Amino acid sequence: MQNLFRRKQPERLCELDALSTDLARRAIVLARRSIVEYTRMRVGRNWPQLFSEAAFQEALTCACKAATPLCLVWTTRTARRAGLTAAACCEVCVDPAGPHDIWCETLARAAVVSLGRLPASRMDEDREDHAEALRALRTMPSTPPASLSDVVAPREAARFALLLPLDRSFTDDDRETIRNTLRLALAETYEDLSRHLDVAALTRAGHAT
C-alpha cells in the first residue's frame with residue numbers, strides 16, 4: 001500500500017535563473033510578512049479598523065514594496081550561510097579555502113539579477129534603496145560568512161522601521177525588536193534553503209556562463 005503520509009522531497013535549486021527567481025520571491029514574501037505582522041502587533045487591538053481603510057492598505061502595499069531591496073539583502077545573506085553549511089559545498093572545489101569565495105560570487109550574481117525583478121513602490125526612495133542593496137550584494141564575496149544573528153545590521157533595522165506605515169513615534173524604540181522579529185523569519189528561511197540549495201550545481205552553472 002502506498003504511503004500517503006510520506007513527506008515530499010523538496011525540489012533542489014540547481015539553476016541560476018531558478019535561484020534568482022527564488023531569492024526575489026522570498027524577499028517579497030519576507031517584506032510582506034514582516035511589514036504586515038509587525039504593524040498589526042504595534043497597532044494592537046485597533047488593527048482591524050486601521051487595516052480596513054483603503055488609504056492605509058495603499059500605504060501598506062507601498063511600504064512592502066519599498067522594503068523588498070532590504071529583504072533581498074537579508075535573504076541573500078541567509079542563503080550564503082545556508083550554502084556554506086550545506087554538505088554539497090564540500091564538492092565545489094578541491095581547495096578547502098575556495099568554496100566560500102566561489103559560492104559567494106555565484107550567489108551575489110544571482111541576487112543582482114533578483115534585484116531587477118523586484119516590484120517598484122513608486123516612492124522617492126526607490127533609487128536609494130536599490131542602490132544600497134546593489135552595493136551590499138556586490139561586496140558580499142569579500143565579506144566573511146555571517147551568523148544568523150548578524151544578518152540584519154542595526155542601521156538596516158532602523159531603515160526598515162522608517163518604512164513602516166506608522167507614526168514615527170511608534171518606531172523610535174523598535175529597532176532591536178524588529179531585528180529579533182526578522183531573525184525568526186530568517187531562521188525559517190535558513191532551514192528551508194539548507195534543504196533546497198544545490199551549491200555544487202549552482203557554482204558550476206555560474207562558472208559556465
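# Reading helix packing and burial

Mentor: Welcome! Let's begin with one pair of helices: α6 and α8 are roughly perpendicular to each other. Keep in mind that this is a predicted model.

Trainee: How should I read such a pair, and at what angle do α6 and α8 pack?

Mentor: In general, two packed helices are described by the angle between their axes and the distance between the axes. Here, α6 and α8 pack at about 100°, and their axes are 9 Å apart. An angle of 65 to 115 degrees counts as roughly perpendicular, so that is the word for α6 and α8.

Trainee: Which residues of α6 and α8 meet?

Mentor: On the α6 side you will find Pro154, Ala157, Ala158, Phe160 and Ala161, and they meet Arg175, Ile178 and Arg179 of α8. Sorted by class, this contact has 6 nonpolar and 2 charged residues, with no polar ones.

Trainee: Could we step back to the whole chain? How many helices and strands are there?

Mentor: Happily. The protein chain has 9 helices and 0 strands, and its pattern along the sequence reads α-α-α-α-α-α-α-α-α. Of its 209 residues, 44% count as buried. The accessible surface is about 11500 Å², and 53% of that belongs to carbon and sulfur atoms.

Trainee: What share of the contacts join residues at least 24 apart?

Mentor: The share is 85%, taken among contacts between residues at least 6 apart in sequence. You can look for such links as we go on.

Trainee: Back to α6, then. Is that helix enclosed or open, and how would I tell?

Mentor: Count its buried residues, using a relative accessible area under 20% as the cut-off. Helix α6 covers residues 154-163, and 7 of its 10 residues are buried, so the helix is largely enclosed by the rest of the structure. The buried ones are Glu156, Ala157, Ala158, Arg159, Phe160, Ala161 and Leu163.

Trainee: Can we zoom in on one of them? What is the relative accessible area of Ala161?

Mentor: Ala161, which sits in helix α6, has a relative accessible area of 2% and is therefore buried. From C-alpha to C-alpha, Ala161 and Ile178 are 7.5 Å apart in space, while 17 residues separate them in sequence.

Trainee: What about α3 and α8: at what angle do they pack?

Mentor: Helix α3 (residues 54-85) and helix α8 (residues 175-196) pack at about 45°, with axes 9 Å apart. That angle makes α3 and α8 oblique to each other, and α3 passes α8 in a right-handed crossing. From α3, the contact uses Trp74, Thr75, Thr78, Ala79, Arg81, Ala82 and Thr85, and from α8 it uses Leu182, Leu186, Thr189, Tyr190, Leu193 and Ser194. By class there are 7 nonpolar, 5 polar and 1 charged residues in it.

Trainee: How do I make sense of the spacing in a list like that?

Mentor: An α-helix has 3.6 residues a turn, so residues three or four places apart point the same way. Thr75, Thr78 and Ala82 are among the α3 residues in this contact.

Trainee: Thr78 caught my eye. Is Thr78 buried or exposed?

Mentor: Thr78 counts as buried because its relative accessibility is 0%. Leaving aside residues up to four places away in sequence, Thr78 touches Leu148, Val151, Leu186, Thr189 and Tyr190.

Trainee: Which way does the crossing of α1 and α8 go?

Mentor: The crossing of α1 and α8 is right-handed. Helix α1 spans residues 16-43, and packs with α8 at about 145°, the axes being 11 Å apart. Residues of α1 that meet α8 include Asp22, Arg26 and Leu30, and their partners in α8 include Thr177, Ile178 and Thr181. This contact has 7 nonpolar, 4 polar and 5 charged residues.

Trainee: What does a partly exposed residue look like in numbers, say Val29?

Mentor: Val29, in helix α1, has a relative accessible area of 45%, so it is partly exposed. Val29 and Cys64 are 35 residues apart in sequence and 9.1 Å apart in space, C-alpha to C-alpha.

Trainee: And a residue outside the helices: where is Leu166?

Mentor: Leu166 lies in the loop between α6 and α7. Its relative accessible area of 11% means that Leu166 is buried. Leu166 touches Thr39, Arg42 and Val43, with residues up to four places away not counted. Leu166 and Ala59 are 107 residues apart in sequence, yet their C-alpha atoms are 9.5 Å apart in space.

Key. Residues are numbered from 1 along each chain as its sequence is written. This is a predicted model: local features need pLDDT of at least 70, side-chain atom pairs count only at pLDDT 80 or more; totals for chains, interfaces and linings use all residues. Side-chain values use heavy atoms; hydrogens and water are left out. Helices (H or I, at least four residues) and strands (E, at least two) are DSSP runs, numbered from the N terminus. Buried means under 20% relative accessible area, exposed over 50%, partly exposed in between (1.4 Å probe, protein chains only). Contact means heavy atoms within 4.5 Å. Accessible areas come from the Shrake-Rupley method with a 1.4 Å probe; for residues, only the protein chains shown count as cover. Axes are lines fitted to C-alpha atoms, for helices over the stretch in contact, and angles run from 0 to 180 degrees between N-to-C directions. Angles under 35 degrees count as roughly parallel, over 145 as roughly antiparallel, 65 to 115 as roughly perpendicular and the rest as oblique. A crossing is left-handed if the near helix is turned anticlockwise from the far one by less than a right angle, and right-handed if clockwise. Ala, Val, Leu, Ile, Met, Phe, Trp, Tyr, Cys and Pro count as nonpolar, Asp, Glu, Lys and Arg as charged, and the others, Gly among them, as polar.
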